[in-house]
Amino acid sequence: MNSSQLLGSTTFIFLLASFLYIGIFVFRARKLGLIASLASLIGFLVLTAGIGLRWAESYKIGIGHAPLSNMYESLVFFAWSIIIFYLFLEYKFKNRLLGAFAVPFAFLSMALAGLTDPNIKPLIPALQSNWLIAHVMTCFVGYAAFAVACGLGIMYLIKDTNVEKGKEKNPDSLLATLPALTVIDDITHKTIVFGFLWLSAGIITGAIWANSAWGTYWSWDPKETWSLITWFLYAAALHARFTRGWGGKRIAWLAIIGFVSVVFTYYGVNYLLSGLHSYGGS
């Protein structure tokens with residue numbers, strides 16, 4: 001079995017985990033909780049082994065490099081970052097309902113990876129730098145946190161609608177099983193702060209890398225411009241939270257809008273706009 005087959009198998013593991021978590025939420029089948037957690041953990045371990053094997057395979061064919069250089073590898077690392085971040089949240093907050101709104105993002109990332117070319121290719125000159133690992137890892141850890149924050153934002157809005165309609169008074173209602181609004185809001189805020197710090201580090205490491213590769217820290221390349229727009233979106237959300245006390249639905253919507261910007265920065269720019277980062281779409 002090669003790394004692509006091993007990594008491809010995690011797509012189905014994350015699909016199974018997603019169904020299980022959604023099953024817990026929809027059918028209140030709490031007995032599925034342990035199975036869902038085990039599926040996520042197994043998926044994470046298989047994904048980690050697959051990334052390690054792919055790294056080793058690149059050295060065997062004489063073009064050794066970290067598996068972070070193209071769309072396929074970045075989507076795999078994105079899924080890896082989402083699932084490890086989610087497992088941390090599940091452990092910390094002891095609530096498996098979060099999985100119904102977070103783990104599907106890991107499945108979607110692996111499903112998209114399955115549509116791209118999995119072949120290991122030599123690095124183009126611009127990527128032959130030690131900054132590759134630092135830049136890609138910091139950006140995608142931030143992106144993963146923003147994906148989970150988006151899921152939490154959706155969870156908040158669903159729960160809030162339930163409360164406004166008065167259904168919350170029924171303890172047997174489906175949505176009554178979700179965490180309290182204040183809890184979801186607090187986790188969403190902390191998740192955005194976490195992602196914002198990593199995205200900031202990603203932009204800084206990218207600027208240093210750009211200076212070594214192209215002789216300038218910033219060139220207003222479409223990817224750079226959209227990264228800055230995304231950074232400002234989350235900076236504005238956090239600023240409003242700290243200075244005006246924004247929370248609840250406003251932060252939930254900003255978490256969703258921010259992630260739409262992340263998806264366009266990561267995925268859309270590569271295919272719709274040409275620039276120095278166009279290699280990322282291959």
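Student: How much surface does the protein chain expose, and what share of it do carbon and sulfur atoms supply?

Tutor: In this predicted model, the protein chain exposes about 13,100 Å². Carbon and sulfur atoms supply 70% of that area.

Student: What percentage of the residues count as buried?

Tutor: Of the 282 residues in the protein chain, 53% count as buried.

Student: Which secondary structure elements make up the protein chain, and in what order do they run?

Tutor: The protein chain has eight helices and zero strands. From the N terminus on, the order is therefore simply α-α-α-α-α-α-α-α.

Student: How does the radius of gyration of the protein chain relate to the globule rule?

Tutor: The radius of gyration is 19 Å, close to the 19 Å that the globule rule gives for 282 residues, so the protein chain is as compact as a globular protein of that length. Along its principal axes, the C-alpha trace spans about 60 × 50 × 30 Å. As for contacts between residues at least 6 apart in sequence, 78% join residues at least 24 apart.

Student: How should one read the nonpolar core, and which residues touch the most other members?

Tutor: The general idea is that in soluble globular proteins, nonpolar side chains tend to be buried together. Here the largest nonpolar core has 79 residues, and those that touch the most other members are Tyr21, Leu47, Val76, Phe78, Ile82, Phe140 and Phe259. At least two residues of this core come from each of α1 (3-27), α2, α3, α4 (99-113), α5, α6 (181-214), α7 (222-244) and α8. The largest share, 16 residues, is supplied by α5.

Student: What does Ile82 touch, leaving aside residues up to four places away in sequence?

Tutor: With those neighbours left out, Ile82 touches Ala102, Phe105, Ala106, Ala144, Ala147 and Val148.

Student: Where does Phe78 lie, and is Phe78 buried or exposed?

Tutor: Phe78 lies in helix α3. Its relative accessible area is 7%, under the 20% limit, so Phe78 is buried. Not counting residues up to four places away in sequence, Phe78 touches Ser109, Phe140, Tyr143, Ala144, Ala147, Phe259 and Tyr266. By contrast with these contacts, the C-alpha atoms of Phe78 and Leu34, 44 residues apart along the chain, are separated by 24 Å.

Student: How is a pair of aromatic rings described, and how many aromatic pairs does a search of the whole structure find?

Tutor: A pair of aromatic rings is described by the distance of the centres and the angle of the planes. A search of the whole structure finds 18 aromatic pairs. For Phe44 and Trp80, the ring centres are 5.6 Å apart and the planes stand at 35°, so this pair is tilted. Phe44 belongs to helix α2 (residues 33-60) and Trp80 to helix α3 (residues 71-93), and the pair links parts of the chain that are 36 residues apart. Both Phe44 and Trp80 are buried.

Student: What geometry does the pair of Phe140 and Tyr266 have?

Tutor: Phe140 and Tyr266 form an edge-to-face pair, 4.8 Å centre to centre with 85° between the planes. Phe140 lies in helix α5 (residues 131-164) and Tyr266 in helix α8 (residues 248-272), so their pairing ties together parts that are 126 residues apart in sequence. Phe140 is buried, with a relative accessible area of 7%, and Tyr266 is likewise buried at 7%.

Student: Which residues form one aromatic cluster with Phe140 and Tyr266?

Tutor: The cluster consists of Phe78, Phe140, Tyr143, Tyr266 and Tyr267.

Student: Over which rings do the charged ends of Lys92 and Lys94 sit?

Tutor: The charged end of Lys92 sits over the ring of Phe93, 6.0 Å from its centre. That of Lys94 sits over the ring of Tyr91, 4.0 Å from its centre.

Student: How should one read the phi of Lys94 and of Trp220?

Tutor: Most residues other than glycine have a negative phi. Lys94 nevertheless has a positive phi, near 50°. Lys94 lies in the loop between α3 and α4, and at 61% relative accessibility it counts as exposed. Trp220 also has a positive phi, of about 55°, although it is not a glycine. Trp220 lies in the loop between α6 and α7 and is exposed, with a relative accessible area of 57%.

Student: Is Leu175, in the loop between α5 and α6, buried or exposed?

Tutor: At 17% relative accessibility, Leu175 counts as buried, because the limit is 20%. Leu175 and Val163 are twelve residues apart in sequence, and their C-alpha atoms are 8.9 Å apart in space.

Note on methods. Residues numbered from 1 in each chain as written. Predicted model: local features only at pLDDT ≥ 70, side-chain atom pairs only at ≥ 80, totals over all residues. Heavy atoms only, no water. Phe/Tyr/Trp six-rings, centres within 6.5 Å; stacked < 30°, edge-to-face > 60°. Helix = DSSP H or I, 4+ residues; strand = E, 2+ residues; numbered from the N terminus. Buried < 20%, exposed > 50% of the residue type's maximum accessible area, 1.4 Å probe, protein only. Lys NZ or Arg CZ within 6 Å of the ring centre and 35° of its normal. Core = buried A, V, L, I, M, F, W, Y, C linked by side-chain atoms within 4.5 Å. Contact = heavy atoms within 4.5 Å. Rg over C-alpha atoms; globule rule 2.2 N^0.38 Å. Areas by Shrake-Rupley, 256 points an atom, 1.4 Å probe, with all protein chains shown as cover.
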